[in-house]
Amino acid sequence: MSSAETDAAALRCGEFAERDRPTGSPRVDVLSAREVPLGGPRAIRVRRTLPQRERTLIGAWCFADHYGPHDVAASGGMDLPPHPHTGLQTVSWLFSGEVEHRDTLGSHALIRPGEMNLMTGGYGIAHSEVSTPHTTVLHGVQLWVALPGEHRDTARDFQHYVPDLAQVDGAGIRVFLGSLAGRTSPVRAFTPLLGAEIVMEPRAAITLAVDATFEHGLLVDSGHVRLIDTVLRRAELGYVPRGVDTLTMVNESDDPARTVLLGGPPFGEEIVMWWNFIGRSHEDIVKAREDWEASSDRFGVIDDFPGGRLPAPALPHAVITPRRNPPAR
């Protein structure tokens, strides 16, 4: 996906005031989404929870877009021409619909529900994303992972993975990155990560063992889900700091609730994030933009894409400053 949006989303704290919080109960911060247009000639609107002022990353997860369900007949679906990426990995996960992916590595793949596509754009890659003609409803999430400094110029890569379904106490879990509920994804990442879709039956309650060195974020797609002591509504993301070795989730609705659980150890580096590029300095971003606009070999070419490339937006009239998470409370 492509992003030129810079405004931050809102933050609300968990439902308990600090003086009323049960002893030992971790604080849950709730990151509220903001609607932004997805870049391209026909923009669909997405709900964005990362990044924002209060939280740039959860682990190495630095970007979370949640979109749909979109009636493709009304919205036109997804139509993103070739656009570049640096310094990150993209994770595509659909709930419904189908998207055709092409990239300058030569990959040509379909993104389908329950199947993960992970693309690595270290030094530079470009890709296109277009919903297929028979898609009627488009619905899913697009996630980005920041590459650590030692790997941020790594070579292009593409991986496809279909996780199996684990059943745990009234919930179906598909682990697409990392380990959870006795399942481990074989997909290679450059920092420890957790990514999983969890679909809970009506009124189901589950407790999952998690890595206490990770911080976690739970994004709600449908239903009302109580995470520890805080109810999360649709399109909200609940953040739990590290130090927690179990997460309890309760579906408080009479319909199935679908969520996406993200996690990883705190990412200790500052990053500069602008449009589709992640670097470590303003100069990194300027150079990446210049290379894209000059059609340099850095990003490659998708030979069989029927149309032009997505141009880069203008740079701001200010130095783009590095960002990191605030100190842990």
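In this predicted model, Glu 252 and Arg 226 form a salt bridge, with their closest N and O atoms 2.8 Å apart. The pair joins distant parts of the chain: Arg 226 belongs to strand S21, while Glu 252 lies in the loop between strand S24 and strand S25, 26 residues apart. Glu 252 is partly exposed at 31% relative accessible area, and Arg 226 is partly exposed too, at 24%.

Now look for Arg 102, where a network of salt bridges links Glu 100, Arg 102 and Asp 304. Arg 102 meets Glu 100 at 3.2 Å, N to O, and the closest N and O atoms of Arg 102 and Asp 304 are 2.4 Å apart. That second pair spans 202 residues, from Arg 102 in strand S8 to Asp 304 in the segment after helix H2. Arg 102 has 15% relative accessibility, so it counts as buried, whereas Glu 100 is partly exposed at 23% and Asp 304 is partly exposed at 48%. In total, the structure holds 17 salt bridges.

Next come the aromatic rings, which make seven pairs. In one of them, the rings of Trp 274 and Phe 277 have centres 6.4 Å apart and planes at 35 degrees, so the pair is tilted. Trp 274 is buried at 9% relative accessibility, and Phe 277 is buried at 0%. Both belong to an aromatic cluster with Trp 275, Trp 292 and Phe 299.

Trp 292 also has a charged partner: the charged end of Arg 309 sits over its ring, 3.7 Å from the centre. You can find a similar arrangement at Phe 95, where the charged end of Arg 258 sits over the ring, 4.2 Å from its centre.

Technical notes:
Residues are numbered from 1 along each chain as its sequence is written. This is a predicted model: local features need pLDDT of at least 70, side-chain atom pairs count only at pLDDT 80 or more; totals for chains, interfaces and linings use all residues. Side-chain values use heavy atoms; hydrogens and water are left out. Rings of Phe, Tyr and Trp (its six-membered ring) pair if their centres lie within 6.5 Å; planes under 30 degrees apart count as stacked, over 60 as edge-to-face and the rest as tilted. Buried means under 20% relative accessible area, exposed over 50%, partly exposed in between (1.4 Å probe, protein chains only). A charge sits over a ring if NZ of Lys or CZ of Arg is within 6 Å of the ring centre and within 35 degrees of the ring normal. A salt bridge is a side-chain nitrogen of Lys or Arg within 4 Å of a carboxyl oxygen of Asp or Glu. Helices (H or I, at least four residues) and strands (E, at least two) are DSSP runs, numbered from the N terminus.
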